[in-house]
There are 2 protein chains.
Amino acid sequence: MKKAVTIRDIAREAGVSSATVSRFLNRTGYVDQQTGARISEVVERFHYRPSRIAQSLKTKMSRNLVLVVPDIQNPFYSSMADKIQNLLLREGYTVTLFDSGADFQRELTCLGLAESIGADGILFASVWARQTILNELAKIGVPVVMINSYGACPFDSVHGVRSQSTYLATRHLIELGHREIAFAGGTPETAIAQSRKNGYLKAMKEAGLPVRQEYVFEMGFDSESGRKCGTYFSALTQLPTAICCANDLIALGVLQTLLERGFRVPQDVSLTGVDNIEYSDLCSPTLTSVINDSGEFARLAVSALLERLRGSYEGEPREFLIPRRLVKRASTAQPQRKERQE
Amino acid sequence: MKKAVTIRDIAREAGVSSATVSRFLNRTGYVDQQTGARISEVVERFHYRPSRIAQSLKTKMSRNLVLVVPDIQNPFYSSMADKIQNLLLREGYTVTLFDSGADFQRELTCLGLAESIGADGILFASVWARQTILNELAKIGVPVVMINSYGACPFDSVHGVRSQSTYLATRHLIELGHREIAFAGGTPETAIAQSRKNGYLKAMKEAGLPVRQEYVFEMGFDSESGRKCGTYFSALTQLPTAICCANDLIALGVLQTLLERGFRVPQDVSLTGVDNIEYSDLCSPTLTSVINDSGEFARLAVSALLERLRGSYEGEPREFLIPRRLVKRASTAQPQRKERQE
DNA sequence: TACAGATGCGAAAACGGTTACACAGAAGTA
DNA sequence: TACTTCTGTGTAACCGTTTTCGCATCTGTA
């Protein structure tokens, strides 16, 4: 039902052996000009394409890599996925993309799949980079690059400077004069949520500002969570003057909810996000954010993986840090409401 | 360097033949309780996973499908991709995702790749569904479902009702009282851009409204194009009172540019998009749009493809039409400026 | 002339599974 | 009892490549 034409068909038609065809196609070993031309012609005429599957079986190289992301609908990841795919395609690799839904079990499932489809390597943006996961990865035995999974691991990894994003955002808010700064966090217990929260806490602590229990709200990393978050904060008797969000999607959700409720941004409350996704510059007010350069993530992750695949680097696990930079936009301003009276 | 443990290792260890192991693993043919348990144990102990590659070679089924989209960063497609992937994973299929960048040559490249990796089927959101492409698809010889590629084709296809989206949007604007309605189109010459433009033209014609040359601007389907578009329109001596955009990304770009230039939306100009992406409800003013249910696209496309794969449907190509629905939001209102004086 | 190396090619053995076929014993049935 | 059918298993061929040998020629050089 599928392909009918094999290398042997080509060989027969061209009057040579399949070995010669193979050698010609892969430019490995000698083959006569004439013969080559003949093969070439037959290949063309038969619309022959060698079966990657058979090749993989023989060479134990599938030239297929697996990329696992927690949420392909998050623009940071879709943009990164896009760039990774382009970079790898150029090197002759295809990419099988899995969306783990930020779920621990599904992350494991994805790894199982990665193993059975015979991926040559794995790019893993894991939010649950626990021991179980790391063990599983080790068992598979192919090169791995961890993306955005904070925490020690025996693989190459690329991520932003730990806690820097929310730290920068919170510092910015503090410098503007805010004292009542809330935090809208991501999926609790994940390393990345932890890291983002720590950045906020660190900045607050450094400034000698207290962190009020009710000013920390943690849900998920999507805009829906942001909405819930916005609902929660706007229901407080005392609205914070600023909210530092763990990423832009959350911030957008918060932003919308606040506007719906009649609050003004940034007059009533300032807002910051992280990732600098396209939409943080398309909403209004535009969103102050922290650049998380998905292209840079892609480039570093891919080049690290390629080096491992080629064997051009075989040393200790490397850690690639990507510096962030704050982008001030319209959603942050000096606090205009009176400080709350105690 | 990669996997070492094969089915024969398991067989030897369990004291049976590889045939029995295979039968047990695939629940095909009889195998004794005891024997099964023994195999199971060995499989576990050796952390054995059958090689999908070898399986594919033998069965001529890779259980891998290819999905080609024009722009994975477009939320409509990333959302659709996500849903498609989930649906197919449940059926035991993995999906390899390609981003064609809405480029004709790359669409061809993707098909070539799909063929060589031995995809069992193809879900193809093609913007260039021309004869060359259709021929190539036919040559591959696996089931194909075309997504959003208007125009006759010999494969199952799923798309919105032709021209309906922008037609609904334009009608809405007309009903609000607009007469000077501009159109911000997508990549010219693509079938989908054509279709969207036709919807606009049709509504205008029906209402007896003239379409002014300078009120039609066509670029691409992304927000950057939208920005260019916004710049263009705002430079006109006479701004239209409404702009119908070919999708939400364009609309968001237009929206931002207009706001930057000091125009008010919808007071100075009303704006509509298509797709109803998440962000059309997160920006402000929220964007009037036309629902393009990516989940419905995913479901229909997947079920059509599965039927073909299983052979449970083998008849003529089917065309699945997905109806749209307008979502009125804050970006559209009655025109408030005086009609232009001629 | 003789020999080493380069060139061109084919036979056949893998790679790791699936499956058609064969066979034997157990169970059911007439 | 004699037959069929059902169970349970092994042998071996095969899927479409790559690749190791080995064997010819051909070329250049001493």
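Which backbone N or O atom lies 2.7 Å from a phosphate oxygen of DNA strand C? The atom belongs to A:D32. That contact is a good way into this predicted model, in which two protein chains meet each other and two DNA strands.

**DNA strand C**

Let's stay with DNA strand C for a moment. Its protein surroundings amount to 27 residues, and the closest are A:S17, A:Y30, A:T35, B:I7 and B:S22. Of the strand's atoms that come within 4 Å of the protein, 60% are accounted for by sugar and phosphate. Besides the backbone contact of A:D32, two side chains of chain A reach phosphate oxygens of this strand: an N or O atom of A:Y30 is 2.4 Å from one, and an N or O atom of A:K60 is 3.0 Å from one. As for secondary structure, α2 and α4 of chain A, together with α1 (7-14), α2 and α4 of chain B, are the elements that give two or more residues to this surface. The largest share, five residues, comes from α4(B). By residue class, the surface near DNA strand C holds eleven nonpolar, ten polar and six charged residues.

**DNA strand D**

Turning to the other strand, 28 residues surround DNA strand D, and the closest are A:I7, A:R8, A:S22, B:Y30 and B:T35. Sugar or phosphate makes up 59% of the strand D atoms within 4 Å of the protein, while the rest belong to bases. One base contact can be named: a polar side-chain atom of A:R8 sits 3.0 Å from a base oxygen of DNA strand D. Phosphate oxygens of DNA strand D are met from both chains, with the side chain of A:N26 placing an N or O atom at 3.2 Å and B:T35 placing a polar side-chain atom at 2.6 Å. The elements giving two or more residues to this surface are α1 (7-14), α2 (18-26) and α4 (52-59) of chain A, along with α2 (18-26) and α4 (52-59) of chain B. Its residues divide into ten nonpolar, ten polar and eight charged.

Here are the individual DNA contacts side by side.

| Protein group | DNA atom | Distance |
|---|---|---|
| A:Y30 side chain | strand C phosphate oxygen | 2.4 Å |
| A:D32 backbone | strand C phosphate oxygen | 2.7 Å |
| A:K60 side chain | strand C phosphate oxygen | 3.0 Å |
| A:R8 side chain | strand D base oxygen | 3.0 Å |
| A:N26 side chain | strand D phosphate oxygen | 3.2 Å |
| B:T35 side chain | strand D phosphate oxygen | 2.6 Å |

**Where the two chains meet**

How many residues does each chain bring to the contact? Chain A supplies 57 residues and chain B supplies 57 residues. Together the two chains bury about 5000 Å², with 54% of that area on carbon and sulfur atoms. Six salt bridges are found across the interface. One of the salt bridges joins the side chains of A:R49 and B:E115, at 2.9 Å from N to O. There are also 18 residue pairs in polar contact between chain A and chain B. On the chain A side, at least two residues each come from α4, α5 (75-90), β2 (94-99), α6 (104-116), α7 (131-140), α10 (223-235) and α11 (248-260). The largest share, seven residues, belongs to α5(A). That side of chain A comprises 22 nonpolar, 20 polar and 15 charged residues.

**A buried threonine**

Now for a single residue in chain B. B:T96 is part of strand β2 (residues 94-99). Is B:T96 buried or exposed? B:T96 counts as buried because its relative accessibility is 0%, below the 20% cut-off. Its side chain makes a polar contact of 3.2 Å with the side chain of B:N64. Beyond its sequence neighbours, B:T96 touches residues of both chains, including A:V95, A:T96, B:L65 and B:I117.

**Backbone details in chain B**

Most residues other than glycine have a negative phi, and most peptide bonds are trans. Some spots in chain B are worth checking with that in mind. A cis peptide bond links B:V265 to B:P266, with omega about 10°, and B:P266 lies in the loop between α11 (248-260) and β9 (270-272). Another cis bond joins B:S284 and B:P285, with omega about 0°; B:P285 is in the loop between β9 and β10 (289-291).

Two non-glycine residues have a positive phi. B:R63, in the loop between α4 and β1 (64-69), has a phi of about 50° and is partly exposed at 30% relative accessibility. B:A102, in the loop between β2 and α6 (104-116), has a phi of about 55° and is partly exposed at 25%.

Methods
Residues numbered from 1 in each chain as written. Chains lettered and ligands numbered in written order. Predicted model: local features only at pLDDT ≥ 70, side-chain atom pairs only at ≥ 80, totals over all residues. Heavy atoms only, no water. Near = heavy atom within 4 Å. Polar contact = N/O pair within 3.5 Å; in protein donor to acceptor, adjacent residues only side chain to side chain. Helix = DSSP H or I, 4+ residues; strand = E, 2+ residues; numbered from the N terminus. Nonpolar A, V, L, I, M, F, W, Y, C, P; charged D, E, K, R; others polar. Contact = heavy atoms within 4.5 Å. Buried area = accessible area lost by both parts, 1.4 Å probe. Salt bridge = Lys/Arg side-chain N within 4 Å of Asp/Glu carboxyl O. Buried < 20%, exposed > 50% of the residue type's maximum accessible area, 1.4 Å probe, protein only. Lists of a residue's contacts leave out its neighbours within four places in sequence.
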